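Me: I am new to this structure and should be grateful for a close look at a single part of it. Please take one helix as the centre of the account and work outwards from there.

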Amino acid sequence: MNKYMLYLNAKRCIGCHGCEIHCKANKDLPVGPILCEISHEPLKSVKGVPKTEFLFRSCYHCEDPYCVPICPTGAMKKREDGIVYIDQELCIGCMACAGACPWTIPQINPATGKAVKCDYCMDRVDQGLKPACVTKCTTRALKFVALQEI
Amino acid sequence: MEKTVWSMCGMCSVRCPIKVEVEDGKVRWIEGNPHILKGSLCAKGSAGVALHKDPERPQQPLIRSGGRGAGKWEPVSWYTALDYVAEKIEKIKEKYGAKSIVMSCRGGPWQDLIKAFCYAIGSPNFTNHDSACGRNVHHASKSVYGLGRKGFIYDIANAEHLICFGRNLLASLRVAEANQVMDMLDNGGSLTYVDVRQTLTGIKATRFFQVRPGTDYALALGMINEVIKQEAYDKDFVEKYTVGFDQMAEFVEPYTADWAAKECGIKVKKLKDFVNEIGGQRPRVIFHPGWMLSRYNDSFYASRCLHILNVLMGNIETEGGQLFPKTPADCGVKGLRTFSSNVPKPEEKRADGVGWKYKHFDKGPGLFHLYYEAMATGEPYPIKGLICYRHDPFTCFPDVAAQKEALDNCELLVSIDTHYSEFGWYSDVILPESMYLERETPIATQKGLKPRFIYRDRAVDPRFNTKPSWEILKMLADRLGFGDLFPFHTAEDMWNWQLEPTGYTIEDFQEKGFVSLTDTPIMYDREDLEGRFKTASGKIEFINETLEGLGIPSFKPYESPKKPPKGRFRLVFGRSPVHAHSHTINNPMLHELFPENTLWINKRIATRLGINDGDWVDVIGDSQMGTIRAHVTEFIHPEAVYTVHGFGRQVPLQSRAYHAGMSDQKLQEGLLLHMDEAGGGLCLCEKFVTVRRSSRNPRRRVEL
Ligand code: SF4
Ligand code: SF4
Ligand code: SF4
Ligand code: SF4
């Protein structure tokens, strides 16, 4: 059962791409991988104002992830609380996970030659902190939500 | 080893307070100071780590060994570099007098140190970048309130309506302000946005006026006219605190809403509805008076009208309006000791003419661009040395070729900066400053409802042979024989020297990174604002007699902006939230997100010119040309093309930024001395450029 999700309050998001850099800086990532992404639909006129809202996407931490079983070394794992993550010790950078993921979420980290993807900043979460992107979101539009067990 | 360091972000000039976590001498984490910003930072703020790691910045003092701009440098020690600069300064002093040296900076909370140094040399010619930025707004504010542009803070979070004329404040980000705007919108507030194109701010607006470029003044006049007609203004406030209402009303008489709507190309009903709406919302209505308004021939007057609309709303010293920033004195605390308090101001006339030739301009920093005139003509006296601290005139000011020509009359050009500025690359000496995570800065006062003292501590030691500016200037002062004016040898000494009159010590900053001077917000009595307006009359002046006395009208008759000739466009520029002008273009992380600028062009026009979205286009000034990709959109006025400022850099050692994108200021040929005579700001949007589909677009070809 997934325990967490990232929720974007699109009304508050200003499309500043801060979250993308907060994430990269926290994970010390080189040029190349970007683990979350802000995008928007083309502008449409609403009551005379050309408008759009922003979308946030990172790994979906699927209930039943395609990336986990395909991984030949068992590096891609799903935790009890639903967080899907890559054990960097085991990853060999074959990128089978990226091929299996419907959204090609895992990316290569050219600095290590291994796969990398959003892990909900589990090291922070385990210390009782919020993920990097949420903690530093410019307008506090991004939330880390702990879902209630039903 | 882990430690937490309090600092202030240095990625843009907002200088957000930050908390830095350091592990084994490496920056591990930066977040917004939780006591002030609750952790929030923008993209640039987090990318500070990448700047720290980036070796593509000056790593030791450099003295030019080839011709200016040739890029040949001799790396030298600090002693050699400072001795060299000191010797050159002494020589210029001897030959032409100390006044021949100009010192410039970016402005902001630490400019007092630069000013003190300039005065200590014996020159009155201290200046900053503001004539290519906010001078029009500043002078407009002075002409209305007798107070500068920082004379008010805006209580946006509690407002019911915010109106922005091209003030794209969700892209030209200030983290705290962006949160205020979003809070206001969350509370059901309205946002009216006026611009020649749609922007990140405009998409959040409840009302959008797309106006013809250069017609802001017309719209503001029409608004004043309609506010008076609908009697939507605060009569008691106007009665009590202002002078010149009737004369103003008479002046705006012909500038009706119908006229303005026609001139700006908007619907008159929308304009009248707007005025009706704010009439019901005042005093919780804020007209943003503009920030970077060095744009059109009448930007001073446009800003003046926006200040006046605030007054008509009666929004002063009331919740959701404009508030007086309170000072340490308001909290019963003595202010910080200033560096300039030790140094007498030289009595010579300023070479930019401010204070004697131009009596209506603020003497503080004067007007930078006018020094080019003095350099070129030797009048009123020769200018032979220019020291720029964290200020890159080649990026800030228009027409780089004209600037170089004037600078060639100088015998000393020094750049003190954390990165290679375009000016630095052309200068004689580069004195590299440590980037903000590697240095301490003096304590600053932040005025506000709850004023505070705040500081920046050193998070990590410099990676390269760089120094903080206070140390560079102190060492230079020692060499020039006035080191005793800066009686400190360590940052700690400096802070405690600054703090001495206040009764605080630097230890008091350890807990939160700042000292709050009051627990409760301070408000003045709105019924008793007598003495708060620093005009000649002591009132808010719709008609400013001092200006009128100098032959400068308080309102000038409106002149419709020229239409660009066929095939040409008005070049307008702006900001992206990812970059802080040129400062961040070479940052590895930010470059990855936004490597080059594009040219926004109206879809209908683009079709006519055979330009598709993503095509390369040539943008041509008089003799200069830039080639970038087109962003074809219906959301820009057909008379304008737009680009993000700061690109097109030409320092080869910045490998990412080198020749990436196009520089708007190089195309602004002939505009270096084109200023708004009343406001002193340059008119950077008074340039037409030609746009054509570039021959660089791929064609079918064989490639073996
Ligand atoms: S940092 Fe926050 S406001 Fe900025 S783009 Fe990301 S989610 Fe949106
Ligand atoms: S990587 Fe793809 S498949 Fe795996 S959990 Fe994330 S979204 Fe699902
Ligand atoms: S939760 Fe962490 S890893 Fe995932 S996108 Fe946010 S910052 Fe990146
Ligand atoms: S707005 Fe961004 S870049 Fe500017 S000081 Fe704040 S965090 Fe730094």
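Reply: What follows begins with helix 1 of chain A and then moves to its surroundings.

The model shown here is a predicted one. Helix 1 of chain A spans residues 18-27. Nine of the ten residues of this helix are buried, so the rest of the structure largely encloses it. The buried residues are A:Gly18, A:Cys19, A:Glu20, A:Ile21, A:His22, A:Cys23, A:Lys24, A:Ala25 and A:Asn26. Here a residue counts as buried when its relative accessible area is under 20%. An α-helix has 3.6 residues a turn, so residues three or four places apart point the same way. Just after helix 1 of chain A comes A:Asp28, with a positive phi near 55°. Most residues other than glycine have a negative phi.

Two ligands have residues of this helix around them. Ligand 1 is surrounded by A:Gly18 and A:Cys19, among others, and both of these residues are buried in helix 1 of chain A. The surroundings of ligand 1 also include A:Cys13, A:Ile14, A:Gly15, A:Cys16 and A:His17, together with A:Leu8 and A:Ile38. A:Cys137, A:Thr138 and A:Thr139 belong to the shell of ligand 1 as well. By class, this shell holds seven nonpolar and five polar residues, with no charged ones.

Ligand 3 has A:Cys23 and A:Lys27 among the residues around it. A:Cys36, A:Cys118, A:Asp119, A:Tyr120 and A:Cys121 are further members of that shell, as are A:Pro131, A:Ala132 and A:Cys133. Helix 1 and helix 5 of chain A are the elements that give two or more residues to the shell around ligand 3. Eight residues of this shell are nonpolar and two are charged, while none is polar.

For ligand 2, the count of surrounding residues is 13, and A:Cys59, A:Tyr60, A:Cys62, A:Cys67 and A:Cys101 come nearest. The shell of ligand 2 divides into eleven nonpolar residues, one polar and one charged.

The helix also has a part in the interface with chain B. The contact between the two chains takes 36 residues from chain A and 41 residues from chain B. About 3100 Å² of area is buried between chain A and chain B, and carbon and sulfur atoms give 57% of it. Four salt bridges are counted between these chains. A:Arg12 forms a salt bridge with B:Asp183, in which the closest N and O atoms are 2.8 Å apart. There are also 22 residue pairs in polar contact across the interface of chain A and chain B. On the side of chain A that touches chain B, the elements giving two or more residues are helix 1, strand 4 (49-51) and helix 5 (132-136). Helix 1 of chain A supplies the largest share of that side, seven residues. The residues on the side of chain A that touches chain B divide into 16 nonpolar, eleven polar and nine charged.

Elsewhere in chain A, A:Gln88 lies in the loop between strand 7 (84-86) and helix 3 (96-100). A:Gln88 has a relative accessible area of 34%, so it is classed as partly exposed. Its side chain reaches the backbone oxygen of A:Ala115 at 2.9 Å. Leaving aside neighbours within four places in sequence, A:Gln88 is in contact with A:Thr112, A:Lys114, A:Ala115 and A:Val116. The C-alpha atoms of A:Gln88 and A:Ala75 are separated by 7.0 Å, and these residues are 13 apart along the chain.

Chain B offers further points of backbone geometry to set beside A:Asp28. B:Arg390 has a positive phi, near 50°, and is placed in the loop between strand 15 and helix 14 (393-396) of chain B. With a relative accessible area of 7%, B:Arg390 is buried. B:His581 has a positive phi of about 50° and lies in the loop between strand 22 (568-574) and helix 20 (588-593) of chain B. B:His581 is partly exposed, at a relative accessible area of 34%.

Chain B also contains cis peptide bonds. One of them runs from B:Arg282 to B:Pro283, with omega near 10°; B:Pro283 is in the loop between helix 11 (268-281) and strand 13 (285-288) of chain B. Another joins B:Glu379 and B:Pro380, where omega is about -5°.

Definitions and conventions: Residues are numbered from 1 along each chain as its sequence is written. Chains are lettered from A and ligands numbered from 1 in the order in which they are written. This is a predicted model: local features need pLDDT of at least 70, side-chain atom pairs count only at pLDDT 80 or more; totals for chains, interfaces and linings use all residues. Side-chain values use heavy atoms; hydrogens and water are left out. A residue is near a molecule or strand if one of its heavy atoms lies within 4 Å of it. Ala, Val, Leu, Ile, Met, Phe, Trp, Tyr, Cys and Pro count as nonpolar, Asp, Glu, Lys and Arg as charged, and the others, Gly among them, as polar. Contact means heavy atoms within 4.5 Å. Buried area is the accessible area (1.4 Å probe) that two parts lose on being put together, summed over both. A salt bridge is a side-chain nitrogen of Lys or Arg within 4 Å of a carboxyl oxygen of Asp or Glu. A polar contact is a pair of N or O atoms within 3.5 Å; within protein, one must be able to donate a hydrogen and the other to accept it, and residues adjacent in sequence count only if both atoms are side-chain atoms. Helices (H or I, at least four residues) and strands (E, at least two) are DSSP runs, numbered from the N terminus. Buried means under 20% relative accessible area, exposed over 50%, partly exposed in between (1.4 Å probe, protein chains only).
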